[in-house]
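Please look through the structure shown below before reading on. The briefing that follows takes up a few of its features, grouped by topic.

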Amino acid sequence: MGDPAPSSRSAERGFEPSKVGSRLRAERERLGISLRELARRVGVSPSLISQIELDRVNPSVSTLYAVVTELGMTMSDVFGDSPAGEPVVRQLQAGDGLVERPETRRVLNLASGVRWERLTAHSDREVEFLYVVYPVGAASCPEDALVTHGGKEYGYVSSGILGVRVGFEEYELGPGGSIAFDSSSPHRLWAIGDEPVHAIWVVIGREADPRAGAPSDPDDG
């Protein structure tokens with residue numbers, strides 16, 4: 001079954017900055033972790049962390065997961081929730097406040113054009129329910145830097161062909177294909193062929209890294 005055409009407004013938002021930098025920076029500073037120390041833990045340059053916090057660069061899927069894990073956050077924290085007053089507007093648009101529509105969904109734009117749209121009207125710290133888009137050639141991480149985190153993942157592809165590597169095994173999921181795996185297994189997702197991938201993705205119980213919140217080195221600038 002083909003993917004329903006997204007609204008033009010939703011599609012246009014794929015080109016916007018991720019707008020998650022202020023939340024990441026606020027939590028890093030609250031924990032007393034320096035920019036340089038966070039970069040060291042994640043394995044990227046301090047410049048990249050700075051650019052992400054300033055919303056000048058959209059992070060890759062793997063970098064965002066690594067940063068969020070180190071800060072002890074959940075993806076619900078990163079998406080944020082409605083500012084004061086917005087639920088009233090949403091209630092008028094969606095009916096009873098339980099429904100979410102393409103034009104009001106919270107969006108995260110990531111490196112290489114990957115887009116996540118939250119399918120719940122409000123944050124849920126236990127479950128990430130997402131509509132994801134992988135443009136042609138996009139991947140969640142480099143081939144030699146697989147992602148790991150707590151929880152379990154369930155995915156369903158509605159259009160395109162998605163490559164999925166879990167541990168040492170690789171799979172190709174076409175329209176109607178689905179997969180479920182333990183997120184603690186190293187994994188990677190990527191678009192195959194000349195068509196974008198559209199999918200529904202659910203992550204349950206993604207756990208924060210217990211190291212998060214550890215004080216930074218007093219000598220660290």
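At what angle do the axes of helix α3 and α5 cross? In this predicted model, the axes of α3, which covers residues 35-42, and α5 come within 10 Å and cross at roughly 120°. Because angles from 65 to 115 degrees count as roughly perpendicular and those over 145 as roughly antiparallel, this crossing makes α3 oblique to α5.

**The helix pair**

- The contact between the two helices is made by L38, R41 and V42 on the side of α3, and by A66, V67 and E70 on the side of α5.
- Sorted by class, the residues of this contact are four nonpolar and two charged, with no polar residue among them.
- The crossing in which α3 passes α5 is right-handed.

**Helix α5 and its surroundings**

- Helix α5 spans residues 61-70 and is mostly covered, since nine of its ten residues are buried.
- The buried residues of α5 include V61, S62, T63, L64 and Y65 in one stretch, and also V67, V68, T69 and E70.
- V67 and E70 therefore appear twice in this picture, being buried under the cut-off of 20% relative accessible area and also taking part in the contact with α3.
- Just after α5, the chain reaches G72, which takes a positive phi of about 70°.

**The three-stranded sheet**

- Three strands form an open sheet in the order β6-β5-β8, and their pairing is antiparallel.
- The edge strands of this sheet are β6, with residues 169-173, and β8, with residues 187-192, each of which pairs on one side only.
- Neighbouring strands of the sheet are turned against each other by 20° on average, when direction is ignored.
- Strand β5, which covers residues 161-166, is joined to the antiparallel β6 by five bridges, and among the bridge partners R165 is matched with E170, while V166 is matched with E169.
- β5 and β6 form a hairpin with two residues between them, and in its turn G167 has a positive phi of about 65°.

**The residue V157**

- V157 lies in strand β4, which covers residues 152-159, and V157 counts as buried because its relative accessibility is 0%.
- Leaving aside residues up to four places away in sequence, V157 touches L162, L173, G174, P175, G176 and G177, together with V197, H198 and A199.
- The C-alpha atom of V157 is separated by 9.9 Å from that of V133, a residue 24 residues apart from V157 along the chain.

How values were computed
Residues are numbered from 1 along each chain as its sequence is written. This is a predicted model: local features need pLDDT of at least 70, side-chain atom pairs count only at pLDDT 80 or more; totals for chains, interfaces and linings use all residues. Side-chain values use heavy atoms; hydrogens and water are left out. Buried means under 20% relative accessible area, exposed over 50%, partly exposed in between (1.4 Å probe, protein chains only). Helices (H or I, at least four residues) and strands (E, at least two) are DSSP runs, numbered from the N terminus. Two strands pair if DSSP finds at least two bridges between them. Axes are lines fitted to C-alpha atoms, for helices over the stretch in contact, and angles run from 0 to 180 degrees between N-to-C directions. Contact means heavy atoms within 4.5 Å. Angles under 35 degrees count as roughly parallel, over 145 as roughly antiparallel, 65 to 115 as roughly perpendicular and the rest as oblique. A crossing is left-handed if the near helix is turned anticlockwise from the far one by less than a right angle, and right-handed if clockwise. Ala, Val, Leu, Ile, Met, Phe, Trp, Tyr, Cys and Pro count as nonpolar, Asp, Glu, Lys and Arg as charged, and the others, Gly among them, as polar.
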